[in-house]
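I opened this notebook to keep track of what I looked up and in what order. The entries follow below the display.

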4 protein chains.
Amino acid sequence: MIIIMHPEATPFEIDNVVAEVETKGWQTHLSHDSGQTIIGLQGAGQPLDPFYLGQMPGVEDTMAITQKFKLTSRAFRPEDTTFHIGQVTIGTDQLAVIAGPCSVESRAQLLETAHAVKEAGATFLRGGAYKPRSSPYSFQGLGEAGLELLAEAREATGLPVVTEVMSPTRVALVAVYADVLQIGARNMQNFDLLNAVGQAQKPVLLKRGMSATIEDLLMAAEYILSHGNNQVMLCERGIRTFDNKYTRNTFDVNAIPLMKELTHLPIVADPSHAIGVRRHVQAITLAGVAAGADGLIIETHPNPDQAVSDGDQSLTLPQFSELMQQVRAMAQAVGRTV
Amino acid sequence: MIIIMHPEATPFEIDNVVAEVETKGWQTHLSHDSGQTIIGLQGAGQPLDPFYLGQMPGVEDTMAITQKFKLTSRAFRPEDTTFHIGQVTIGTDQLAVIAGPCSVESRAQLLETAHAVKEAGATFLRGGAYKPRSSPYSFQGLGEAGLELLAEAREATGLPVVTEVMSPTRVALVAVYADVLQIGARNMQNFDLLNAVGQAQKPVLLKRGMSATIEDLLMAAEYILSHGNNQVMLCERGIRTFDNKYTRNTFDVNAIPLMKELTHLPIVADPSHAIGVRRHVQAITLAGVAAGADGLIIETHPNPDQAVSDGDQSLTLPQFSELMQQVRAMAQAVGRTV
Amino acid sequence: MIIIMHPEATPFEIDNVVAEVETKGWQTHLSHDSGQTIIGLQGAGQPLDPFYLGQMPGVEDTMAITQKFKLTSRAFRPEDTTFHIGQVTIGTDQLAVIAGPCSVESRAQLLETAHAVKEAGATFLRGGAYKPRSSPYSFQGLGEAGLELLAEAREATGLPVVTEVMSPTRVALVAVYADVLQIGARNMQNFDLLNAVGQAQKPVLLKRGMSATIEDLLMAAEYILSHGNNQVMLCERGIRTFDNKYTRNTFDVNAIPLMKELTHLPIVADPSHAIGVRRHVQAITLAGVAAGADGLIIETHPNPDQAVSDGDQSLTLPQFSELMQQVRAMAQAVGRTV
Amino acid sequence: MIIIMHPEATPFEIDNVVAEVETKGWQTHLSHDSGQTIIGLQGAGQPLDPFYLGQMPGVEDTMAITQKFKLTSRAFRPEDTTFHIGQVTIGTDQLAVIAGPCSVESRAQLLETAHAVKEAGATFLRGGAYKPRSSPYSFQGLGEAGLELLAEAREATGLPVVTEVMSPTRVALVAVYADVLQIGARNMQNFDLLNAVGQAQKPVLLKRGMSATIEDLLMAAEYILSHGNNQVMLCERGIRTFDNKYTRNTFDVNAIPLMKELTHLPIVADPSHAIGVRRHVQAITLAGVAAGADGLIIETHPNPDQAVSDGDQSLTLPQFSELMQQVRAMAQAVGRTV
């Protein structure tokens, strides 16, 4: 059960409700949503009377939510969550299109890409300054210098910037430069990091772990939302299965309609990682839109064969431009815009 | 390597080529494609001179195919395979739409469904007379009585019939009634059955096993093609992964563009089994078309909640009709027709 | 629920009980166990009174079994199932050890292997005469000639013979030569084949499909047991997972204690397929015994590098002999014998 | 390729070698092993002459290592790595046995457990003070108070302490109290954390991620070793597969002999998480030892049904004591001690 307090509930009223349910043997967890305090109940106390609780001073409503995820669930918030980033509103009929290189490599590479994807119709610029690499010997990103280039590219194009943060110690720094903090698949259950971006009150793009269940992903989002930060996009980027001879991952397209049902948060598809093969990114992009994704994140590079990371799955700039034409036709077929 | 003989090559010429390569330590496997004999080479013999072989009487061409699948590969046949079933041509821009109940239950159920799906735009009728069930205690299908009902429904609607055959001993019987022989996921590597439908020279719908790799599926098709039967549709119907809390399987949408590249055979998507939840079948159907499927197979039932099998994933007849509207819009967006 | 009839129940009494429960809206499925008729109930009829049913003439007992598998379950038969094959009793503290080549290749190969594994302490000879191969171009087995060689090897060594049958049409033929009919992983849900070996009343070695759940495997066994054939060994042979770079499959050692709890049938471990790498077969063999397996099946070949199939995972004859020394020490550590 | 410098190589000599290979277009990465500098080469420069490099001042040896993991590989260090923690030496014939509760809950709980596992023969105490929980509403651990209790229990029993660290910011704090820093499965690719424990120069227990390949795990260890910290134990704790109806994970017992071949680091088995069911922990423990594990980590609790986390898989104290008897017999069967 969760208890939703009035926006104008006093600290005294909140404490009073907490005391009431703790007396009955429950543990409580406070979070905040749109200026309202939410009292979540855990454990196994005595039965509670929702009617009695609903009459206590300061209580707006009580809800029985049977799923493990609470604030993330449709049961808690039936309508789609939308939020503004720069000129863009996420979670509406208009698709968010995030494009750019895997890694920020140089000023020239980033600015050329930023201008090209902007012209083709992208609404966000992506690029990695801190890169999670399976080998300690691989390029680890330009770090703060990369963040500065991203900020310059935003200045030049007006595109808000999405970039990954890998460590709680660097959330504050990355938040200075980025419009959206990306949590990578390998960090989906790095709970200290989730808490840090939750507290940062910045929009977050949370990628699904490569073998995370849908429930795992929604619970990871719950960490962020429990700090009162609802500006979270969930990203399906392919899962690990038994067959990876010809593709990097398996795009779990089922997850899109399923998550649209279970949660009010916007869903972004990442066809680049999901299939990992440049010439097949187009088909998976269109499938993602057809299945109901609210946004796309697509790796794009001026010269993919020279990319320091993920070149195999990056589109060239002309390929991205061509793909956007097809995305527009597809969006129209499912009643959306780009 | 494979050696392709002229259509008019004589048995003597074929024997001669076989003898030549066997002398060099190779084993041979003969198959037939469009009236031409194909000599496949296995094992590890001495190097062969393609130029010399190409000059032998009766030889049309030689091809080095590095993949394990030969006749199934794009390398062997670059253009899409198409074939006619009744009025329909499979493998063209026109989507094949196969609809009907999981199991044939009764005359009334089947005829009502057949008329409704025909009216909504389906081009094939499906229905199971022999059902592979995980429990010996579950309904096992009406058997030959079910086949007779399917034939009656074809008579009434003009829709060609797709139905499963589970055993080599029943291929001849099922082939009397069916237009397309379906091989179910659990029998994908039932090699005696694959040989039997290969020899039957009827169109085949071959479903991917629930944990079969793409290569396993193409090798299973190779069994059928090696008997000179090229009328094979491959069906992606969802794979088994670590996450099945909310869905029955994981639709491997990546497999669609990948198989379109690797093989010339038409690809059919089965959204019903792939997600297993009625209200999400629509999204997965559209994703399948967007990704490039050549056909769809969709479970439809007059009263899904009373179905003896797979009711949870079956559409009602009005839902199927509504879905067909959306399929038409989607087909148009990707340059196809229904 | 299942209803167990007295051994001396008359057909009239059986019919009477069937009629009683069918009147209440249930479907019935009859099977036989040790000379007693078992009436299984399916569907969703009205509530039944076990006390009333237990009083009906000819009824010995009624059992509520909540699992899908009935005759296979420990609930149905709490004590371990044992059965005799030649001089060996399966399902006791003595480990069954099945050894021999993947494929029967020649008289010399088979007899040399048979004598060597017998001397090393094996209690069964294995060898494939009909081979399920993913490619139609690979060696498909010697067929009946292979069966004859197996019979000759049994004659020479006294070892009972385990060999695979792939098709219901050949069950009768294989049963003439074999002591144990093996169902391969790819045919685990070939239900017509399961029915055929159920009716054959011969011992069966049923291998788990490469992505079959434990429940799938127990349900497949249920098909065999529902024909009154309880002489079934279940075989864990490795499952398909996301990691196959260095090994062929993942040995699901958890399945051994789990199946010992869920079913009364003996469990055999197949370390050869489970890891697929010769030099690691020893570790997995020992792990299987440590976890509680009742038997082992191990591929052995006089010259693995020349084997026509599965050479990479076959032990040489001296390696097998050495392994048996370690198996004896391990068996002793867990209170068993070889 | 890697270049191993003499222990007494001067900074000037090292710089000289680095300059030489960078001139040829390679990137370099320096790490340290037992007081020697290791120069790793990345990228795709011009061919290098190992003979010429080997003659350069300060160079001891050069090695071509084709695997992605270098310092972690057997190719780099053929003999088993051993290291001392308190009185115990890890990586020898003597099994390390780590036991204790999932979470540190109270002084009484921890001390009772510590004394009992010590008496039963455990050589380390485990207990979580910082807990990674999938829900933000679950118990998150006692934090530093938990660390203090662990230190007290060490004082009382002499058992070295293994405890998890979840964030780079807390490595210094945890290192004050712990003898071994545990990295949990969810953080296996938290690269900032790996770098931090690498720099801490304390022994590390690195758990395999739930869908990490063996190669992923060895690459994660490489991060730690690249800081000159070789005191790393790798832990197999079960992977995520398609079948989790009856067990929590699938114990990948294949990984044990495989990792013993690929790396010189000691391997620990975690049967508690690997199967997740108390009554089956024994079988999996024995299988782990039989397969060659160098150590065990087993959850133990005075009253598992009241545990705040992982109670289902925790042994009672008498069960742990009984298990240790069996572990001794098993260790003897494979030529080891406890």
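**Entry 1: between chains D and A**

I began with polar pairs, and across the interface of chain D and chain A the rule finds 19 residue pairs in polar contact, with both residues of each pair at pLDDT 80 or more. That threshold matters here since I am working from a predicted model, in which side-chain atom pairs count only at pLDDT 80 or more.

I then asked which helices of chain D supply at least two residues each of the side that touches chain A. They are α6 (191-200) and α7 (214-225), and α7(D) gives the largest share, with 4 residues. Sorting the residues on this side of chain D by character, I noted 11 nonpolar, 13 polar and 8 charged.

For the charged pairs I looked up the salt bridges, and the count between chain D and chain A is 4. One of them joins Arg240(D) to Asp216(A), where the closest N and O atoms are 2.7 Å apart.

**Entry 2: extent of the same interface**

I next looked up the contacts, and found 32 residues of chain D in contact with 32 residues of chain A. The two chains bury about 2,900 Å² between them, and 51% of this area lies on carbon and sulfur atoms. Which three residues supply more than any other three of the area that chain D buries against chain A? I wrote down Pro136(D), Tyr137(D) and Tyr223(D), which together supply 24% of that area.

**Entry 3: Asp310 in chains A and C**

I turned to backbone angles and noted that Asp310(A), a residue other than glycine, has a positive phi, near 60°. I placed Asp310(A) in the loop between β14 (295-299) and α11 (317-333) of chain A.

In chain C I looked up Asp310(C), whose phi is also positive, near 55°, and which sits in the loop between β14 (295-299) and α11 (317-333) of chain C. Is Asp310(C) buried or partly exposed? Its relative accessibility is 21%, and because buried means under 20%, Asp310(C) counts as partly exposed.

**Entry 4: helix α10 of chain B**

My last lookup was helix α10 of chain B, residues 281-291, and I asked why it can be called largely enclosed by the rest of the structure. The reason is that 10 of its 11 residues are buried. Among the buried residues I listed Val281(B), Ile284(B), Leu286(B), Gly288(B) and Ala291(B). Just after α10(B), I noted that Gly292(B) takes a positive phi of about 115°.

Terms used
Residues numbered from 1 in each chain as written. Chains lettered and ligands numbered in written order. Predicted model: local features only at pLDDT ≥ 70, side-chain atom pairs only at ≥ 80, totals over all residues. Heavy atoms only, no water. Contact = heavy atoms within 4.5 Å. Buried area = accessible area lost by both parts, 1.4 Å probe. Salt bridge = Lys/Arg side-chain N within 4 Å of Asp/Glu carboxyl O. Polar contact = N/O pair within 3.5 Å; in protein donor to acceptor, adjacent residues only side chain to side chain. Nonpolar A, V, L, I, M, F, W, Y, C, P; charged D, E, K, R; others polar. Buried < 20%, exposed > 50% of the residue type's maximum accessible area, 1.4 Å probe, protein only.
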